[in-house]
Every structure is written in structure tokens, then in C-alpha cells.
Amino acid sequence: MISTAAASHDTIRAVLWQGDSLRLLDQRRLPFEETYIECRTAAEAATAIRDLAVRGAPAIGIAAAWGVVLAAQNDPAHLDEAFSTLRAARPTAVNLMWALDRMAGARAGGAEALEREAQAIQDEDLAANRQMGELGARLLGHGVGVLTHCNTGSLATAGYGTALGVIRAGYSDGSIVRVFAGETRPWLQGARLTMWELVRDGIPAHLIADSAAAHLMKSGDVQWVVVGADRIAANGDTANKIGTYQLAIAARHHGVRFMVVAPSSTIDMATPDGAAIQIELRSPDEMLSFGGTATVVEGARAWNPVFDVTPHDLIDVIVTERGAVHAPDAARMKALFGAPAPDR
Ligand code: MRU
């Protein structure tokens, strides 16, 4: 049960099932506008995932699950096609494939069974986040400063968040006294989304330029970097938003501890290590313009990988709803998560 203090820092829900449509808080427009889009088909849900109207590994999986329900309700003859369109929407976050595999398992029961499964995926994510929040906060120590990256909050999940859930819990119980969020260029998930969540939910925080992180660590104001994940391989190597890897390197150099917070739906025991994780490359336009306005001279080119892999030996602890893996490696991951499923 979540404490009243923690509940007052948890007011946002971005993925809303309406019975016959999926309502998504459009994250492309935050914080300037709070508008919702309505998806009525699996193809619309896939487009919302691809175009980042909904993003964050767990939220992508949940939205895809509801996309399958929309297909089962409106176009059951093309359910296979719906599964493949949704699966192809984004490559790195394994929660997408995990949720679709779960939905495939419920397929024989028809639209109603699929609806129950999607709801279970969403509800379990929220419960996992609350559990991880408490578990992660207990590991921090008292009166610490934390730096986070990207957005791992209510917007990125069924609610509460993963790394941001630890920050919600740690701020509520007094273990966290300073919060810093990196901007997260180029899409500005930290500046646009994390700061919006923290301001709305009454958690004081400072935004920093991504390039200020090492300087911040040197100042002694942060004791932990706390981040989420898009896919964690069997040896603990962790894919997360671009920039996470350099934070882990800087953290180790400065004696700042590094925590990854992710539900077990982000663990991919079938992928042996980080080298086997596909890193999404997005359009250079995301680097060269903002809100449709060019910010770089015409003719310039850009390289836009949107995730990187932090090697497991730079991670102090991975927190999941099943427990924490300290100093993660293949043996410790296997002890908690078992051997990979045979066919993924
Ligand atoms: O490209 P995005 O915004 O979907 O990337 C999101 C991240 O990298 C998050 O850190 C990760 O998905 C964890 S969200 C709980």
C-alpha cells in the first residue's frame, strides 16, 4: 500500500483505456499543451508509439497491448498483421515484444480475454513500480542527492514510474533531498517531461544541461545516478536513453553510485549481452531542428542513435519488483531471473 505522502506525489496517468479506444496524453506536445490523442486501431497505436506520442519502455508495451485489443474488437481477421505492425514500431525496448508475446498467449480467448490481459499488463506495471520505488529508496541512504536521465515516470509507465518512482518514494520518505534531471537531448524527455512531472507532483528539482553532469558529480551534490532501462541483457548490460553510458562512466570516476530501476518485463534473458541489443537510430531531423524550426545550418548532417548500452560492471545495482541485483553479472542475473525462455 502506497503512503499518503507518496500518493500526493503521484497524480499523473498518460495511458487510458476507454473500452473501445485508447486515449494517450500526447508527449510530443508537453509541457506546452496537455492534449490527448485517441487511437481506434492497432495501426494508430503503432503510429503513436513510433512517433513518440507515447514513449518509455513499459508504456510502449502497455499501449501495444491495447493496440492488439483494438484489432481484436474491430478487425479480428487481420490480427496477425496488427501484431507485426505493433512489434515493428520501435526496436530497443523489449517491453514491447514482451507485452505482445503475453497478448499472443491470450489470443485463443478472443477479444475479451485480450482485454483482460492488457488490463493485467497495465495493472501489474503500476504495482511493480510501487514495489521498486520502495525497494530502491531503501538502498539510497539518508539525505542524498540524485541525478536522473530521460523520463522514467508516470508518463513512461502505467503510473508512478521506475527510476522516477524511486525518486517519488525517496523524496516522500526523506531519503532524497536533492533531485537533478538532465535535459536529455535531442528530444528533451528530461527537460520537457521529467521536469513537468516533478513540478506537477511537488518534488523540487533542478534541470541541468546533459553536459553539466560530470561537473555536478564532482561538486558532491549527488550520491546516486538513478535511471530506467529499455532492455537489460542476461549479463546485466543495460540499454537506456542515449547519454546514460557516459553518466555511468562519470559516476564511477567520482564515486557516485549507479542504480538501474526496471520491471522484470525489461529483462531479456534471451539476449546474452549489450552487443546483441539493437540500438534505434532515429531521423537526423530530431537533432537539426526543434518544433519544426531549424536550429542548425542547412546542409549539416547528424547521427542520432537514441539509446546506448551501459556495461554491467559500471552498474552498482539493478532494482526490479522481484528484488535487487547488486553488482550485476550473468550469474547473479540468472539467480534471480532464471534461464532464457526457449523461443525468444
Ligand atoms: O525514446 P524514449 O523516450 O522511449 O526512451 C525512454 C527511455 O530511455 C527510458 O529511460 C526507459 O524507457 C525507461 S522508462 C521507465
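Here are three short exercises with worked solutions on the structure above.

The model is predicted, with local features needing pLDDT of at least 70, side-chain atom pairs counting only at pLDDT 80 or more, and totals for chains, interfaces and linings using all residues. Residues are numbered from 1 along each chain as its sequence is written, and side-chain values use heavy atoms, with hydrogens and water left out.

**Exercise 1: the domain interface**

Work out which domains the chain has and how many residues of each are in contact.

Step 1. Begin with the bounds: domain 1 covers 4-127 and domain 2 covers 131-337, as given by an automatic or database domain assignment. Their C-alpha centres are 22 Å apart.

Step 2. Now count contacts (heavy atoms within 4.5 Å). You should find 38 residues of domain 1 touching 39 residues of domain 2.

Step 3. Next comes buried area, the accessible area (1.4 Å probe) that two parts lose on being put together, summed over both. Between the two domains this is about 3,300 Å², with carbon and sulfur atoms giving 55%. On the domain 1 side, His9, Ile12 and Thr92 lose the most area to domain 2, together 22% of what that side buries.

**Exercise 2: salt bridges**

Find how many salt bridges the structure holds, and how many of them the rule finds across the interface of domain 1 and domain 2.

Step 1. Apply the rule: a side-chain nitrogen of Lys or Arg within 4 Å of a carboxyl oxygen of Asp or Glu. The idea behind it is friendly enough: side chains of opposite charge can pair when their charged atoms come close.

Step 2. The structure holds 18 salt bridges, and two are found across the interface of domain 1 and domain 2.

Step 3. Look at Glu280 and Arg90, whose closest N and O atoms are 2.8 Å apart. For Glu34 and Arg200, another salt bridge, that distance is 3.1 Å. Glu34 sits in the loop between strand 2 (22-25) and strand 3 (36-39) and Arg200 in helix 8 (residues 189-200), so this pair ties together parts 166 residues apart in sequence. Helices (H or I, at least four residues) and strands (E, at least two) are DSSP runs, numbered from the N terminus.

**Exercise 3: around the ligand**

Which residues are closest to the ligand, and how many surround it?

Step 1. Select residues with a heavy atom within 4 Å of the ligand. This gives 17 residues, the closest being Arg55, Arg90, Asp230, Asn240 and Lys241.

Step 2. Check distances to ligand oxygen atoms. A side-chain N or O atom of Asn240 lies 2.6 Å from one, and a side-chain N or O atom of Gln189 lies 2.8 Å from one. For Gly56, a backbone N or O atom is 3.0 Å from a ligand oxygen.

How values were computed:
A polar contact is a pair of N or O atoms within 3.5 Å; within protein, one must be able to donate a hydrogen and the other to accept it, and residues adjacent in sequence count only if both atoms are side-chain atoms.
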